[in-house]
Amino acid sequence: MSRRLIVGLTAVAIAATAIPAEAEQAGAAFPSSAFPLGEPGAPVKNQRAVAPGVDLFSVTHGTPTQGWTVSLLMPNGHDNGPLTTAQAKAVEAEAAGFTPSVLRIVQPAAADAPPVERYMVRIGLWTFKQRAKADKVVKELKAAGIRAKTDFLGDDGDQTTGPWDMRVVMVDPKVFKGSYRTSVGTSVAKRETTSSMSKLNKAIAGVNGGFFNIHTARALQGDPVGVSVVGGKLLSEGTPGRSGLVITGRKAWITELRSAVTAVSSDGTKVEVKGVNRAATADELVLYTEEFGAKTAADGGSEVVVDAQGRIVKARVAGGVVPRGHYVLHGTGLMADWLHEHAWETWTMKIDTKVIDLRTGRAVRLTPQTYVMGGGVGLLRNGRVRISAAADGHASVNMMLRRHPRTIVGVNKSGGLILVTVDGRNPGVSVGASMVEAAQIMRWLGAKQAINFDGGGSTAMVVGHKVVNRPSDGRERTIGDALFITP
């Protein structure tokens, strides 16, 4: 990783280092090789057995050596943009009496996305203890009508000495006799903490899960944005091609998935169900299960209530509860018309649900021991780095290059599960990791497959129902779903 500085309007190239091959680890062995990030050397680690075959490691490495700068915000509110936009912003800052630098940054290439060149505009450089001086410049810029923010240089994707503060749970499949499961808590719609879900599932340990839908009504924000199967039941539809973790008992694997839901009326007519346990859009048919945990929307559409035997027990105007032991089909627009024509009371309705493993082309067998958690970004495939950022909706400078708290899950050669949280957004304590660095950490830990789940303020690891990392919000965030190791 290199920087080059040019006097005047400055161009600084920030790019990710190549990821070297790491020694494979077997069973639940913690790596003996040097920590893969920062200055070479062994990390400081503390190990604690939390259950037979389940160990918790606290891992720290590195020292803080970086300070602060001021980043100007582009017209769209982001801190990076095209060269012409950055140059115009630099000219604006110069006219206001400041001395800016234009920095070239490179979003690393993913397996399904090319590298992207972007530019930032920055002013000044201060030591770690001089943040107040950077904050003062931000206020002066604001007074001049220029939006800016104080930036910690350790958050960049450039070289850093850290430090890093991580929690790692490793499961030895030869010793561990329990199982793994995912949970949406008491309902799909409601957001809950990882620790509260841990108590509900009587878990040994666990981490927060995939991304959840913050772009919907507040009461529905617990809805996972990826595929979710709990105990063999599809509770959230998948986005075709996105990565997910599949669990059957003590077996876990990471793959690309899609889900398919079809409603079949007793008159033989079939129609695609577009969504599961989420708000409906125009001309959609959405399935609500009893796990939804909220009333369906009174959006002018139509609904039918179906019992466990597939008998339509009630047709109603949209808006109501999902009775226990029943499901509801909710139609808007053309799909409301379809329900009027093909879903009469006393008729039957069959729901055909499939989750397809796109690597094998086969359907995942949905049994009470089947759990699937999506909404993540693939990091490793067959021991090699394969970051599926575009397919998983995260091919951006912020997600690929910048450092954030991370929640990462991997499976090693022996089938052992590895749960990792990397704390971040805490200058001087822990810098987090970029997407590329997350992949490097998982290779170092011996994972053959790995996936990046929701991070940032959502990152949380619980052991014995207690949070053992340091969430960047200062407290545990409510989330959509979580992954647990259970007795």
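Tutor: On a 1 Å grid over the protein atoms alone, a cavity is a set of points where a 1.4 Å probe fits but cannot get out. Points are joined across faces, edges and corners, and a volume is the space filled by probe spheres set on those points. This is a predicted model, in which local features need pLDDT of at least 70 and side-chain atom pairs pLDDT 80 or more, while totals for chains, interfaces and linings use all residues. Residues are numbered from 1 along each chain as its sequence is written, and side-chain values use heavy atoms, without hydrogens and water.

Student: How many cavities of 30 Å³ or more does the structure hold?

Tutor: Two. The largest cavity has about 50 Å³ of space, and the second largest about 40 Å³.

Student: Which strands supply at least two residues each to the lining of the largest cavity?

Tutor: Lining residues have an atom within 4 Å of a point. Strands are DSSP runs (E, at least two residues), numbered from the N terminus. Here β12 (242-248), β13 (251-265) and β22 (370-381) each supply at least two. The largest share, three residues, is from β13. Among the lining residues are Gly226, Arg242, Leu257 and Gly375.

Student: What lines the second largest cavity?

Tutor: Its lining includes Ser243, Glu256, Arg359, Leu380 and Arg386. Four residues, the largest share, come from β22.

Student: How do the linings divide by class?

Tutor: Ala, Val, Leu, Ile, Met, Phe, Trp, Tyr, Cys and Pro count as nonpolar, Asp, Glu, Lys and Arg as charged, and the others, Gly among them, as polar. The largest cavity has two nonpolar, seven polar and two charged lining residues; the second largest has two nonpolar, three polar and four charged.

Notes. On a 1 Å grid over the protein atoms alone, a cavity is a set of points where a 1.4 Å probe fits but cannot get out, and a pocket is an open set with protein on both sides within 12 Å along at least five of seven lines; lining residues have an atom within 4 Å of a point.
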